[in-house]
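Trainee: Could you take a close look at one part of this model with me? I'd like to start from a single element and then see what surrounds it in the rest of the assembly.

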Amino acid sequence: MSETGHKPDQDNATGGRKSAGSQPAFPMRRSLFRKNLATALLLAPAALWLVVFLVLPFVAIAIFSVGERAPEGGYQAALTFAQYANLPARATAFWNTMVLAPVGALACLLVAYPVAYYLALRAPQRWRLILLAMIVIPFWTSLLMRTYAWMYILGGRGIPALLAYVGIEDLRLINTPGAVLLGIVYGYLPLMILPIYVSLERLDRRLLEASADLGATPLSTFLGVTLRLSLPGVMTGFSLVMILLLGEYLIPTLLGGGKVFFIGNALVDLFLQSRNWPFGSAIAITLVLVSVVVLIVANRISTRLSGARRVDLI
Amino acid sequence: MRAFVVAVFAFLYLPIALVVLFSFNAGHHASEFTGFSVQWYGKALSNPFLVEALKNSLFIATTSALLAAFCGTAAALGLQRVGARTRALFDALLGAAIVVPGVVIGISTLVALVQLFAVVNPFLASVWPTDQPPRLSLGYGSIIAAHGLFSMALVTMIVGTRLASLDRNLVEASSDLYATPLTTFHSIVLPQIMPAVIAGFLLAFTFSFDDFIIAFFVAGAQTTLPIYVFASIRRGVTPEINAIATIVLAASVLLVLLAQWQLGRRKPSP
């Protein structure tokens, strides 16, 4: 770490300090050494953390994924791709995840866009920050509790009971894909609104006026200017939500009731109940690979859309 | 469009309103409102398991967020001084720590730690002079470390962004005026990155306090608040849980307002 840090430090010491010509020349070597030592010390805790709790665990499950399940559960050393070949055994979980993650992100987007648009371009100036804060505040309460509240709303005593009053009987809402979708939109809406808001807020309003002055209808101004320029924010939000959804566990567990389950549910089952660690590891590795592919594709699309301009959320 | 936005806000706040409403329920279940009462607040705060879970969560969130704020800020500062290759390597790892799903972080940490303990514990037992050697096991330490991984990456990115826009002329001016590097750091750099560090700390705290899935895997015998709530959803929730959730909500809104006020107050001064 300090070796690689050596060169640019040297550059800094000569190139970056042009204005500081008063530096004495002889303690240079010693101060260089001290600078590198300081750099190494600054980076050491983070590096150690990343290696011990990110790289090593990942290597561990990679090794496990080519192993075998021990008779009493757990892991037995082997070199086999049997676990990967067995992936179709959890096809339903993969199918649910791969369908509901993009559909959920899309549903989220359709709800989020008008809200972000209103906040950025239509809301009165003095209300803007308050409304924005109100989007974020639900984040500060436990997602578990909020999803639990949905279990109540969608469950027997909630909406179905209300609908029974007006004559609609035996409506089943909870433990359906629809309930999971609703939970997804609910849980991830703020994450989708914020990046779109940021890209809309930066939009140069003179472009809208120019478009109208040149005779464009409001719709074609929206499609040609507003929507187009907010696409980077849309892509950021979409890929963020989609990536997080791939590993979702709580929402399908609570609102899908074991009928609509995701890869996350399969992983919890394999690690904590049936204790088939090698198979679980193979699924986990596959999940990470899928996430990486999604990220790369999303990055490609957003680079193309925005003409090589990237917008990061953080 | 306004009606739609109002509907979305109603959608966002309806479940929260229900959680708060049922915390004042007189009845025994969180599913039927039978009258107003604050008894569940008393019951919640005298339930030793619930209070223990809350304390654990507060301790874990504080410790992991503090560690993340320190190590993440240090890393962001360090990354300013290294070459492009080291930087790219760090950025890739930090990005991975943020992007890899929590469920995968949870299981891989579990797998790695169980293997590690299987090697370290017999070794400790063989070299320890007394009969009771220390035994490493899952618990506070593993939850703090696993939460801290994500949080540290988050803090590094937030503080890194702030450092990138820092006015370098001030730093140069300070060293031209013979300030030691430490003085420069303390009086120029630190005040400018402090809002980012605080924002990172708060995000890290909330993340850890709210996380269920990572803790579920690496908690061992410990219980955090989300784990307790999850278990009680399985058993059937009493308004106790609603009371705790309401207390937490009130506390966090208060904290956010306080933080906003602090940041707002700090802005005008250079």
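Mentor: Happy to! Let's start with α4(B), where T86(B), F90(B), L94(B), A97(B) and V99(B) are buried. Please keep in mind throughout that we are looking at a predicted model. The helix itself runs over residues 84-99 of chain B, which makes 16 residues. From the first C-alpha to the last, α4(B) reaches 22 Å, close to the 22 Å expected at 1.5 Å a residue.

Now step back to the chain that carries this helix. Chain B has eleven helices and zero strands, and reading along its sequence gives α-α-α-α-α-α-α-α-α-α-α. Along the principal axes, its C-alpha atoms fill a box of roughly 70 × 65 × 35 Å. The chain counts 270 residues, of which 40% are buried. Look also at how the chain folds back on itself: of its contacts with a separation of 6 or more, 78% are between residues 24 or more positions apart.

Chain B also meets a partner. The contact involves 68 residues of chain B and 64 residues of chain A. On the chain B side, the residues touching chain A divide into 47 nonpolar, 15 polar and six charged.

That brings us to chain A, where two strands accompany 13 helices. It has 314 residues, and 39% of them are buried. Among its contacts between residues at least 6 apart in sequence, 73% join residues at least 24 apart. The chain is divided into domain 1 (1-15 + 23-59) and domain 2 (90-305), with 41 Å between the centres of these two domains, taken over C-alpha atoms.

Next, the interior. The largest nonpolar core has 158 residues, and C108(A), A112(A) and A116(A) have the most contacts inside it. Both domain 1 and domain 2 of chain A supply at least three residues to this core. If you zoom in on A116(A), you will find it touching I193(A), I196(A), Y197(A) and L200(A), leaving aside residues up to four places away in sequence.

For contrast, turn to helix α10 (residues 218-246) of chain A, which holds L219(A). L219(A) counts as exposed because just 8 other C-beta atoms lie within 10 Å, and the cut-off for that class is 12 or fewer. Its C-alpha atom is 47 Å from that of L87(A), which is 132 residues away along the chain. S220(A) lies in α10 of chain A too, and it is exposed because it has 12 C-beta neighbours inside 10 Å. Measuring C-alpha to C-alpha in the model, S220(A) is 40 Å from I159(A), with their positions 61 residues apart in sequence.

Finally, a word on confidence. Chain A averages a pLDDT of 84, and 88% of its residues score at least 70. Among its elements, helix α4 (residues 91-122) of chain A has the highest mean pLDDT, 94, while helix α1 (residues 6-16) of chain A has the lowest, 43. Residues 1-23 of chain A are below 50, although this stretch has 33 contacts beyond near neighbours in sequence in the model. The pLDDT is also below 50 over residues 308-314 of chain A, a stretch with 13 such contacts. Where pLDDT is low, the predicted coordinates should not be read in detail.

Conventions. Residues are numbered from 1 along each chain as its sequence is written. Chains are lettered from A and ligands numbered from 1 in the order in which they are written. This is a predicted model: local features need pLDDT of at least 70, side-chain atom pairs count only at pLDDT 80 or more; totals for chains, interfaces and linings use all residues. Helices (H or I, at least four residues) and strands (E, at least two) are DSSP runs, numbered from the N terminus. A residue is buried if 20 or more other C-beta atoms lie within 10 Å of its own, exposed if 12 or fewer, and partly exposed in between; C-beta atoms are placed from the backbone. Two residues are in contact if their C-beta atoms, placed from the backbone, lie within 7 Å. pLDDT is the predictor's confidence in each residue, from 0 to 100. The expected span of a helix is 1.5 Å times one less than its number of residues. Ala, Val, Leu, Ile, Met, Phe, Trp, Tyr, Cys and Pro count as nonpolar, Asp, Glu, Lys and Arg as charged, and the others, Gly among them, as polar. Domain bounds come from an automatic or database domain assignment. A nonpolar core is a set of buried Ala, Val, Leu, Ile, Met, Phe, Trp, Tyr and Cys residues joined through C-beta atoms within 7 Å.
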